[in-house]
Amino acid sequence: MNLQQALSHSITRNLDRIAFVINEQEYTYKDLAESISGIRKIIQEKVSDNEVHIGLIANDDIQTYAAIFAIWFEGKSYVPLDPESPEERNDNIIKQTNIRSIVDSSDVVVYPDYNTISSTMAKGNIDDLEPKQVRDKSIAYILFTSGTTGIPKGVPITFSNLIAFCDAFFDFGIQIDENDRCLQMFGLTFDVSVMSFMLPVLKGARVYTIPKDEIKFSYIFELIQDERLSYALMVPSILHYLRPYFDEIDSPYLKYSLFCGEGLPVDVTEEWAQRLPNTKIMNVYGPTESTMLCTGYTYDKDAKKTHNGVVSIGKPWKGVETIIINESNEILETGKKGELCLAGSLLTPGYWMNPEKNEEAFFYTEYNGKKTRFYKTGDLSYIDADGDIMFLGRIDFQAKVQGGYRVELSEVELYAKEGLHKINAVAVAYTNGVGSTEIGLVIESEKFDLTELSEYMKAKMPAYMIPSQIKFMETFPLNVNGKIDRKELTTIF
Amino acid sequence: METTEIKEKISEALESVLGHSNFETNDELTAQDVDGWDSLSHMMIITKIEEQFDIKFKLRDLNKLKNLGSLVSVIQGKI
């Protein structure tokens, strides 16, 4: 059975169950099926067979989710467009993918100059859910990530990538069934949104989304407490925001807490584990280029595996190969630090129409006797003797100071945070007036006297590692994915 | 504490975080009506208000703060 058929069967099997809860409104699988079927009918009428990529205005409503399944069941791929994104960026995405038709559930059509598929009123017969036959190599979605040049890079993911992903995800040991209540906290332009709605639908479970005008972390708290969420994939910054309120959290129902997207600090993880003794904590890792996630670590309070206070990202999932390389693309031995590279059935076919980037990011090397294609993640890591991967930060988070000393910014952060007693801090590398690299520290707090911190850092780190400037910021800026915006923090020095 | 006095203090908090006072303190005022009141400044505003009234919001309170009127009544319930 292919992915579309599996999804279609699950929807048909669970018609009376609740599929989505959006803005406190419940939608059954029957509602979802009717909407999918209605949108398919419009696509069949208005979109030609040779048009493969369909734009999708990334709203938070049942029609938008239904549109994704409708597009997939028609054998096409979707390209999400965030209506709040700068127009220029969306225009660029539309141009790159040659989009002519856009599914839109907005009251006022966002792109009136295109072939608009209005999904709001679309309603069809639930018997028309049989997907069209598509090749597994066909593209399921193209997501755009920010490129260093300012032009967004497209990452196409195929249906065979998604099938391999589902296989790997469930092989990791997570069980979801029709009784589960799952969190979908991500915007649809962010890759892990796909697993957050697709996996529950595959199992007939419930998906809870977060309305755009709500505060994410406190809304998640209410979903955990009141709606008895059983599965949640979150970014670690949610834990930072919730931390002052941990004593209000107490739910026996949350079976799985998964974290992705940035380093997971062990101290806050410990506290989360204490508050929610029934939850299995998993630190999962993966870039968009390798279909959302590809390694995972199950937190064990009695055998914590960490580096510089950050939890391990564990072992490669089924069908994934991991190696660590040096600057000459040579494979390093166990324990050596270098760039993490990934291979296997989750890898994207390559950046969308971007031969230069593909040349930079992908390479072939001999691995286990076979010529294998690897993707360079840009993440600095090492693999320990048990095969667990330690995430040290971005390669570009590694700074070379005072003429060649290598400094891992995560290490500076570790000691700074120890000296700050639970106050959050971020270390950045910035270029000073004479063009050399220095280390700066930003503390998330109002101003206070730094004597104690300075003494502590001097006691722990060699002089070249000590931040040469320290600044305060009451709240850290977050980027569109909800991660701390380190680039932004670098600009204050 | 009188409603007007509470509103005045909230207004001070907003001004000190946002650096302007281009808003009217009526009950229907929401974050969307005020320049610069986004998810980032929201936490700073909340912290400032907690300090000014010497109160601590519960997580549940945070989701109830839909407009200025609801903020005033949550504060009244705490002081």
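**Exercise 1. Strands around β21(A)**

Find which strand joins β21(A) through six bridges, and give the sense of the pairing.

Solution.
- Start with β20 (residues 362–367) of chain A. It is joined to strand β21(A) by six bridges, and the two run antiparallel. The model is a predicted one.
- Fix the register. Tyr364(A) lies opposite Arg373(A) of β21(A).
- Look at the turn. The hairpin of β20(A) and β21(A) has two residues between the strands, and Asn368(A) takes a positive phi near 50° there.
- Move on to β22 (residues 389–394) of chain A. Five bridges link β21(A) with β22(A), again antiparallel.
- Fix this register too. Ser381(A) stands opposite Phe391(A) in β22(A).
- Check the second turn. Five residues sit between the strands in the hairpin of β21(A) and β22(A), where Gly387(A) has a positive phi near 90°.
- Add β19 (residues 338–344) of chain A. It runs antiparallel to β21 (residues 370–383) of chain A, with four bridges between them.
- Locate one pair. Gly338(A) has Ser381(A) of β21(A) as its bridge partner.

**Exercise 2. A three-stranded sheet and its helix**

Work out the strand order of the open sheet that contains β25(A), and say which strands form its edges.

Solution.
- Read the order. The open sheet has three strands, β25-β26-β27 (chain A), and its pairing is mixed.
- Name the edges. β25 (425–431) and β27 (469–473) of chain A each pair on one side only, which puts them at the edge.
- Note the twist. It averages 30° from one strand to the next.
- Take one pairing. β25(A) and β26 (residues 437–444) of chain A are antiparallel, over seven bridges.
- Anchor that pairing. Thr431(A) faces Thr437(A) of β26(A).
- Place the helix. α11 (residues 409–420) of chain A lies across β25 and β26 of chain A, at about 135° to β25(A).

**Exercise 3. Three helix pairs**

Classify the packing of α2(A) with α3(A), of α1(A) with α6(A), and of α11(A) with α12(A).

Solution, first pair.
- Get the geometry. α2 (residues 29–46) and α3 (residues 62–73) of chain A pack at about 55°, their axes 8 Å apart.
- Classify. That angle makes α2(A) oblique to α3(A).
- Assign the hand. The crossing of α2(A) and α3(A) is right-handed.
- Find the contact. The α2(A) side includes Leu32(A), Ile36(A) and Ile43(A), and the α3(A) side includes Ala66(A), Phe69(A) and Phe73(A).
- Sort by class. The contact of α2(A) with α3(A) holds ten nonpolar, two polar and two charged residues.

Solution, second pair.
- Get the geometry. The axes of α1 (residues 3–13) and α6 (residues 193–203) of chain A come within 7 Å and cross at roughly 60°.
- Classify. α1(A) and α6(A) are therefore oblique to each other.
- Find the contact. Ala6(A), Leu7(A), Ser10(A) and Ile11(A) of α1(A) meet Val201(A), Leu202(A) and Lys203(A) of α6(A).
- Sort by class. The contact of α1(A) with α6(A) has five nonpolar residues, one polar and one charged.

Solution, third pair.
- Get the geometry. α11(A) and α12 (residues 451–460) of chain A pack at about 135°, with axes 9 Å apart.
- Classify. These helices, α11(A) and α12(A), are therefore oblique.
- Assign the hand. α11(A) passes α12(A) in a right-handed crossing.
- Find the contact. Tyr415(A), Ala416(A), Gly419(A) and Leu420(A) of α11(A) meet residues of α12(A), among them Leu453(A), Tyr456(A) and Met457(A).
- Sort by class. The contact of α11(A) with α12(A) splits into six nonpolar, one polar and two charged residues.

**Exercise 4. Domains and chains**

Describe how domain 1 and domain 2 of chain A touch, then how chain B touches chain A.

Solution.
- Set the bounds. Chain A is divided into domain 1 (3–298) and domain 2 (402–490).
- Give the separation. The C-alpha centres of these domains of chain A lie 35 Å apart.
- Count the contact. Seven residues of domain 1 of chain A meet seven residues of domain 2 of chain A.
- Sort the domain 1 side. Where domain 1 of chain A touches domain 2 of chain A, there are two nonpolar, four polar and one charged residues.
- Turn to the chains. Chain B gives ten residues to the contact and chain A gives eleven residues.
- Find the elements. α2 (39–53) and α3 (59–64) of chain B each supply at least two residues of the chain B side.
- Pick the main contributor. The largest share of that side, five residues, comes from α2(B).
- Sort by class. The side of chain B that touches chain A has five nonpolar, three polar and two charged residues.

Definitions and conventions: Residues are numbered from 1 along each chain as its sequence is written. Chains are lettered from A and ligands numbered from 1 in the order in which they are written. This is a predicted model: local features need pLDDT of at least 70, side-chain atom pairs count only at pLDDT 80 or more; totals for chains, interfaces and linings use all residues. Two strands pair if DSSP finds at least two bridges between them. Axes are lines fitted to C-alpha atoms, for helices over the stretch in contact, and angles run from 0 to 180 degrees between N-to-C directions. Two residues are in contact if their C-beta atoms, placed from the backbone, lie within 7 Å. Angles under 35 degrees count as roughly parallel, over 145 as roughly antiparallel, 65 to 115 as roughly perpendicular and the rest as oblique. A crossing is left-handed if the near helix is turned anticlockwise from the far one by less than a right angle, and right-handed if clockwise. Ala, Val, Leu, Ile, Met, Phe, Trp, Tyr, Cys and Pro count as nonpolar, Asp, Glu, Lys and Arg as charged, and the others, Gly among them, as polar. Domain bounds come from an automatic or database domain assignment.
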